[in-house]
Amino acid sequence: MTLGGFTLGRGVFELGWRWSDDVKPIAGTESCPVHHTGKCRSGQMTVRFTDGTELEVGPGDVLDIYPGHDAWTVGEEPYVLVDTGVAAYAVPS
């Protein structure tokens, strides 16, 4: 949903989803180029930045993830995110 210059998105990432496997081939970049801000509604995700540091995100966590990362779902349920930093990229042609 977009209101003026503000976009709010809801992402559902199924078990086994990984940015480097599922989006990298479409995006054509080595890591995710998007700055994500938002809140995890359910599930868990691991985020690994290009410097090797990792962040675990789970239910209720507010996040501020800068460009330059890979991410993947962990646990036993899909990861659901309300993303206030959503951007249109990696769109298949």
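In strand E8, the residue that pairs with Val47 is Ala71, its bridge partner. That is a handy place to start reading this model, which is a predicted one. The two strands involved, E5 and E8, run antiparallel and are joined by 6 bridges.

**Around strand E5**

E5 covers residues 44–49, and E8 spans residues 69–74. E5 also has a second partner: 4 bridges tie E5 to strand E6, residues 54–57, again in an antiparallel arrangement. Within that pairing, Thr46 sits opposite Glu56 of E6. E5 and E6 make up a hairpin, with 4 residues between the two strands. If you look into the turn, you'll find Gly52 with a positive phi of about 95°.

**The four-stranded sheet**

Now for the open sheet. Four strands build it, in the order E3-E9-E4-E7, and the pairing is antiparallel. Which strands sit at the edges? They are E3 (9–13) and E7 (62–65), each of which pairs on one side only. Going from one strand to the next, the twist averages 30°. As a general reminder, strands of a sheet pair through backbone hydrogen bonds. In a regular strand, side chains alternate between the two faces of the sheet.

Looking at E4 and E9 in this sheet, E4 runs over residues 36–42 and E9 over residues 79–83. These two antiparallel strands are connected by 4 bridges. One position to pick out is Gly38, which stands opposite Asp83 in E9.

**Salt bridges**

How many salt bridges turn up in a search of the whole structure? There are 3, and here they are with their N to O distances and the relative accessible area of each partner.

| Basic residue | Acidic residue | N to O distance |
|---|---|---|
| Arg18, 24% | Asp70, 14% | 3.1 Å |
| Lys24, 27% | Glu30, 67% | 3.2 Å |
| Arg48, 34% | Glu54, 44% | 2.6 Å |

The Arg18–Asp70 pair links distant parts of the chain, with its two residues 52 places apart. Arg18 lies in the loop between E3 and helix H1 (19–22), while Asp70 belongs to strand E8. Is Asp70 buried or exposed? Asp70 counts as buried because its relative accessible area is 14%, and the cut-off for buried is under 20%. Its partner Arg18, at 24%, is partly exposed.

In the second pair, Glu30 is exposed because its 67% lies over the 50% mark, whereas Lys24 is partly exposed at 27%. For the third pair, Arg48 is partly exposed with 34%, and Glu54 is also partly exposed, with 44%.

**The nonpolar core and Trp17**

The largest nonpolar core has 14 residues. Which of them touch the most other members? Those are Trp17, Val57, Leu63 and Tyr79. Strands E5, E7 and E9 each contribute at least two residues to this core.

Trp17 is worth a closer look in the viewer. If you set aside neighbours within four places in sequence, Trp17 contacts Asp22, Val23, Met45, Ala71, Trp72 and Thr73. Among these, Ala71 is the bridge partner of Val47, which takes us back to the opening pair.

How values were computed. Residues are numbered from 1 along each chain as its sequence is written. This is a predicted model: local features need pLDDT of at least 70, side-chain atom pairs count only at pLDDT 80 or more; totals for chains, interfaces and linings use all residues. Side-chain values use heavy atoms; hydrogens and water are left out. Two strands pair if DSSP finds at least two bridges between them. Axes are lines fitted to C-alpha atoms, for helices over the stretch in contact, and angles run from 0 to 180 degrees between N-to-C directions. A salt bridge is a side-chain nitrogen of Lys or Arg within 4 Å of a carboxyl oxygen of Asp or Glu. Buried means under 20% relative accessible area, exposed over 50%, partly exposed in between (1.4 Å probe, protein chains only). A nonpolar core is a set of buried Ala, Val, Leu, Ile, Met, Phe, Trp, Tyr and Cys residues joined through side-chain atoms within 4.5 Å. Contact means heavy atoms within 4.5 Å.
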